[in-house]
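Colleague: Hi! Could you walk me through this one?
Modeller: Happy to, let me put it up first.

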Amino acid sequence: MFGNITEFLSSGENIAFFFCALLAIGGAIFMISFTKVVHMVLALALTFLSMAGLYIVLEAEFVAVVQILIYAGAISILMIFGIMMTKHTKAEEEEPKRPWHQVLLFIGAAGLFGVIFYAIQQSEIPSGPFPQVADNTLEIGKLLFSAHVIPFELMSVLLTVAFIGAIVVAKREED
């Protein structure tokens with residue numbers, strides 16, 4: 001099933017992958033387990049950063065940098081600002097303890113793990129040399145500005161409109 005675990009852990013890439021994967025899974029579990037929203041956002045940021053680590057291990061440096069800049073940086077800070085800017089008039093109340101809820105969560109997580117594990121075991125993963133390009137970022141840039149230039153420009157217009165809309169909504173709330 002697992003083969004030789006010492007073979008797996010003999011490579012530094014495998015150890016880094018295992019560590020980043022554990023951090024990603026742990027951050028996701030903490031995110032859904034915490035009750036305070038700020039702690040949830042910090043756990044989500046941990047998950048985003050560990051996903052960037054996985055991208056680095058997979059030699060997708062551009063995607064890793066974008067993951068850090070956009071998700072770990074901008075989205076996490078935006079969520080924290082949103083939490084800080086909203087008014088909380090009601091004090092946080094303790095939810096009633098539901099022991100059956102934890103049991104159902106564990107059963108669901110174990111079932112999902114079993115299905116994913118079975119699917120991975122039954123799939124045929126190609127092996128052998130994969131075509132490697134000299135510079136991933138250069139190739140992505142060439143594709144972005146040649147074959148995919150219209151969607152790229154449409155996204156910039158959409159983001160600009162969303163930014164202007166956010167300013168208009170913020171101005172209305174001030175008045």
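What follows is a chat about the fold, one helix, the side-chain pairs and a surface patch.

Colleague: Before anything else, is this predicted or experimental?
Modeller: This is a predicted model.

Colleague: Okay. How many helices and strands does the chain have?
Modeller: There are 7 helices and 0 strands. Reading from the N terminus, the elements go α-α-α-α-α-α-α.

Colleague: And what share of the residues counts as buried?
Modeller: Of the 175 residues in the chain, 12% are buried. The chain exposes about 14,500 Å², with carbon and sulfur atoms supplying 73% of that area.

Colleague: What about contacts across the sequence? How many join residues at least 24 apart?
Modeller: That is 52% of the contacts between residues at least 6 apart in sequence.

Colleague: Let's pick a helix. What span should H3 have, and what does the model give?
Modeller: Helix H3 covers residues 37–57. Its 21 residues, at 1.5 Å a residue, should span 30 Å, and the end C-alpha atoms are 30 Å apart, so the two agree.

Colleague: Nice. Which residues of H3 are buried?
Modeller: Among them are Val 41, Leu 44, Phe 48, Leu 54 and Val 57. The list also includes smaller names to type, such as Ala 43, Ala 45, Ala 52 and Gly 53.

Colleague: What do those buried residues pack against?
Modeller: The buried residues of H3 pack against helix H2 (12–33) and against H4.

Colleague: And what comes after H3?
Modeller: Glu 59 follows H3, and its phi is positive, near 60 degrees.

Colleague: Switching to H4, where is the nonpolar patch on the surface?
Modeller: The patch is formed by Phe 62, Val 63, Val 65, Val 66, Leu 69, Ile 70 and Tyr 71. Together these residues have about 570 Å² of accessible area. Phe 62 sits in helix H4, which runs over residues 61–85.

Colleague: How accessible is Phe 62 itself?
Modeller: Phe 62 has 30% relative accessibility, so it counts as partly exposed.

Colleague: Now the aromatics. How many pairs are there?
Modeller: The structure holds 4 aromatic pairs. One of them joins Phe 113 and Phe 117, which are stacked at 5.9 Å centre to centre with 20 degrees between the planes.

Colleague: Where do Phe 113 and Phe 117 lie?
Modeller: Both are in helix H5 (residues 99–122), 4 residues apart, about one turn of the helix. In general, an α-helix has 3.6 residues a turn, so residues three or four places apart point the same way.

Colleague: Are those two buried or exposed?
Modeller: Phe 113 is exposed, at a relative accessible area of 57%, while Phe 117 is partly exposed at 24%. Another pair, Phe 145 with Phe 152, is edge-to-face, at 5.0 Å centre to centre and 75 degrees between the planes. There, Phe 145 is exposed at 55% and Phe 152 is partly exposed at 32%.

Colleague: Last topic: how many salt bridges?
Modeller: The structure has 1 salt bridge. Lys 142 pairs with Glu 139, and their closest N and O atoms are 3.9 Å apart.

Colleague: Why are they separated by about one helical turn?
Modeller: Because Lys 142 and Glu 139 are 3 residues apart in helix H6 (residues 136–145).

Colleague: And how accessible are the two partners?
Modeller: Lys 142 is partly exposed at 47% relative accessibility, and Glu 139 is partly exposed at 35%.

How values were computed. Residues are numbered from 1 along each chain as its sequence is written. This is a predicted model: local features need pLDDT of at least 70, side-chain atom pairs count only at pLDDT 80 or more; totals for chains, interfaces and linings use all residues. Side-chain values use heavy atoms; hydrogens and water are left out. Patches are made of residues with over 30% relative accessible area and no salt bridge: like charges are joined within 9 Å, nonpolar side chains (Val, Leu, Ile, Met, Phe, Trp, Tyr) within 5 Å. Accessible areas come from the Shrake-Rupley method with a 1.4 Å probe; for residues, only the protein chains shown count as cover. A salt bridge is a side-chain nitrogen of Lys or Arg within 4 Å of a carboxyl oxygen of Asp or Glu. Helices (H or I, at least four residues) and strands (E, at least two) are DSSP runs, numbered from the N terminus. Buried means under 20% relative accessible area, exposed over 50%, partly exposed in between (1.4 Å probe, protein chains only). Rings of Phe, Tyr and Trp (its six-membered ring) pair if their centres lie within 6.5 Å; planes under 30 degrees apart count as stacked, over 60 as edge-to-face and the rest as tilted. Contact means heavy atoms within 4.5 Å. The expected span of a helix is 1.5 Å times one less than its number of residues.
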